[in-house]
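Welcome, and please open the structure in your viewer. We will go from stop to stop, with something to select at each one.

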Amino acid sequence: MSTPSPERSDLRSLSRSEVDALVVRLGEKPYRARQIFRWLHQKGAASFEEMSDLPAALRARLAGETRLVTLERAEERRSSDGTIKWTWRTEDGKLVESVYMPEPGRKTLCVSTQAGCAVGCTFCMTGTMGLVRNLTSGEIVDQVARVNRRLLELGEGAPPRPLTNLVFMGMGEPLHNYASVKAALDVLLSEDGPNFSNRHVTVSTSGIVPEMRRFGEETDVKLAVSLNATTDEVRDVLMPLNRRWPLGVLLAACRDFPMKRGRRITFEYVMLGGVNDSDEDAERLSRLVRGIPAKVNLIPYNENPGLGYRAPASGRVEAFRDRLLAANVTAVVRRNRGADIAAACGQLAAEGGPGDPRRRPRGGIGPGGTGPLTDGRPTG
Ligand code: SAH
Ligand code: SF4
C-alpha cells in the first residue's frame, strides 16, 4: 500500500490545531486560521485563489508552504429514486465513490474511507478489489465538501450545507484507516467545519475488534457493526475476518463497547438468499444480540454479477424481520437505493476501473469510468 507522501502537506488534511500552528509559524494573526479552516471545510474551496478575504500575500505563502488536494469529479450518475453516485479521482488517479440518498427531512451522504478494502467479504464488490490504499483525512472530508457544493449547484437543499447526515459505509473498512477517519470526524464535527451533529454520523465496521473500544472512547459518533451471519461457519465464508475475530469475540466487544447514554449499536445484516435468511437465523440473531442495546438493519442483498450470491426470496425479509420483532429486537428493513446506478450497498467498486467485472456492458448500464456525466435520466 502506498499513500502519496508529498513534502508539502495537504492543507485539507490538517487538523484545526495544525492550521492554528501553521498560521502562527507564518507570523499571521490567529483569526486567520479560522478563516482558512472555513474556506476549506465549510465552503469547500478548491484553490487558494478562492479564499478571497485572505490577503494575496498570505495566499501566496500558503500556496508555497502547503498544497490543496481536491477530488476531481470523474462521474456523476443519478438514479430514478433521487440517489446520486459520484466517482472521484484522487490526485494519484485512484477512483473512489460517494452516494447521496435524499429522504424527507434528511439528506445522507455515504462516504468512502479507502480505495478498495482488505477485508475481502465474498459478497461485496469492494471486497473483490483488495486494498488499493487508505484515503487521507483530506480526501474523506472533501467528499462531503464537494457534494455540499454540488448539491447547492443542483438546487438540492439550502446553504450552508445541504447534507444533514453522514454514514461511513462506502468503500473501505473505516477501522483499517483509523487515524484518517478519526481526523476526518474531528473536522466534520467541528464548528468551523461543516459542524455535523455526532448523532447524525454513523461509522460502520465489519468488526475490527482491537480498534472498537478505542473508537468508542475517542469519538462520540454512532457505531454500526456488519454482522451478516449467525454462525461462525457461515460468517467464516462471508467475511474472512471472522476466523480472526469470531462471533463470540465480536459480540463480547459490542457488550463492552463504551456506549454513550441512550445510544444503540446498529447491527447490519445483509440478507443472502438461502445462506443466512432462514427462520433459524432470525432466532439465533435475536439470541446473539440479547442484552446489547441494539437495532438490526436488514439489508436485502444487492446482487453483484459473478459473486454467486442471490437476493432473498420475496417475503423472506419481512418474515425475518417479524421474527426479530416478535423476539423484542428492534429491526428495520433498509430500502435499496440507487440499484439502477450500482450505487447500492456493496456495489461500489469504482465501476469502469481496471478489474471491475461490471465493466462489461450489461442490461442498459454502459461501461462507467471516466465517461461524460449523465444527463439526469435514470440509467437502469
Ligand atoms: N466496511 C464497512 C463499511 C462499508 S460496507 C463494513 O463492512 O461495515 C457497508 C455495508 O454494506 C456492510 O454492512 C456490508 O455488509 C453491506 N454490503 C456489502 N455488500 C453488499 C451487497 N451487495 N448488498 C447489500 N449490502 C451489502
Ligand atoms: Fe470491506 Fe465492508 Fe465490503 Fe467487507 S463489506 S469487503 S469490510 S467494504
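Begin by selecting strand 2 (residues 84-89) and strand 3 (residues 95-103), which pair in the antiparallel sense over 6 bridges. Strands here are DSSP E runs of at least two residues and helices are H or I runs of at least four, numbered from the N terminus; two strands pair if DSSP finds at least two bridges between them. Strands of a sheet pair through backbone hydrogen bonds, either parallel or antiparallel. For one bridge, click on Lys85, whose partner in strand 3 is Val99.

A note on what you are viewing: this is a predicted model, in which local features need pLDDT of at least 70 and side-chain atom pairs count only at pLDDT 80 or more, while totals for chains, interfaces and linings use all residues. Residues are numbered from 1 along each chain as its sequence is written, chains are lettered from A and ligands numbered from 1 in the order in which they are written, and side-chain values use heavy atoms, with hydrogens and water left out.

Now show the side chains of Trp86 and Tyr100. How far apart are the centres of these two rings? The distance is 6.4 Å and the planes stand at 50°, so the pair is tilted. Rings of Phe, Tyr and Trp (its six-membered ring) pair if their centres lie within 6.5 Å, with planes under 30 degrees apart called stacked, over 60 edge-to-face and the rest tilted. Trp86 in strand 2 and Tyr100 in strand 3 are 14 residues apart, so to speak a link between distant parts of the chain. Both Trp86 and Tyr100 are buried, meaning under 20% relative accessible area (exposed is over 50%, partly exposed in between; 1.4 Å probe, protein chains only). Add Trp88 to your selection, and you have a cluster linked by ring pairs: Trp86, Trp88 and Tyr100.

Next, zoom out to the sheet. Its 10 strands form an open sheet of mixed pairing, in the order 1-2-3-4-7-8-9-10-11-12. At the edges are strand 1 (72-78) and strand 12 (331-333), each pairing on one side only.

Move along to strand 7 (165-168). Strand 4 (106-110) pairs with strand 7 in the parallel sense over 3 bridges, and Thr108 has Asn165 as its bridge partner. Strand 8 (residues 201-205) also runs parallel to strand 7, joined by 3 bridges; there Val167 has Thr202 as its partner. Are the faces of strand 7 covered or open? Both are covered: Asn165 and Val167 on one side, and Leu166 and Phe168 on the other, are all buried.

Select helix 5 (residues 178-188), which makes a right-handed β-α-β unit with strand 7 and strand 8. Right-handed means that, with the strands pointing away from the viewer, the path from the first strand over the helix to the second runs clockwise. Among the buried residues of helix 5 are Tyr178, Ala184 and Leu188. Their cover includes helix 2 (31-41), helix 4 and helix 6 (209-218), where contact means heavy atoms within 4.5 Å.

For a last stop, keep Tyr178 and add Arg214, which lies over the face of Tyr178 at 3.8 Å from the ring centre. A charge sits over a ring if NZ of Lys or CZ of Arg is within 6 Å of the ring centre and within 35 degrees of the ring normal. Lys43 lies over the face of Trp39, also at 3.8 Å from the ring centre.

How values were computed
Axes fitted to C-alpha atoms, helices over the stretch in contact; angles between N-to-C directions.
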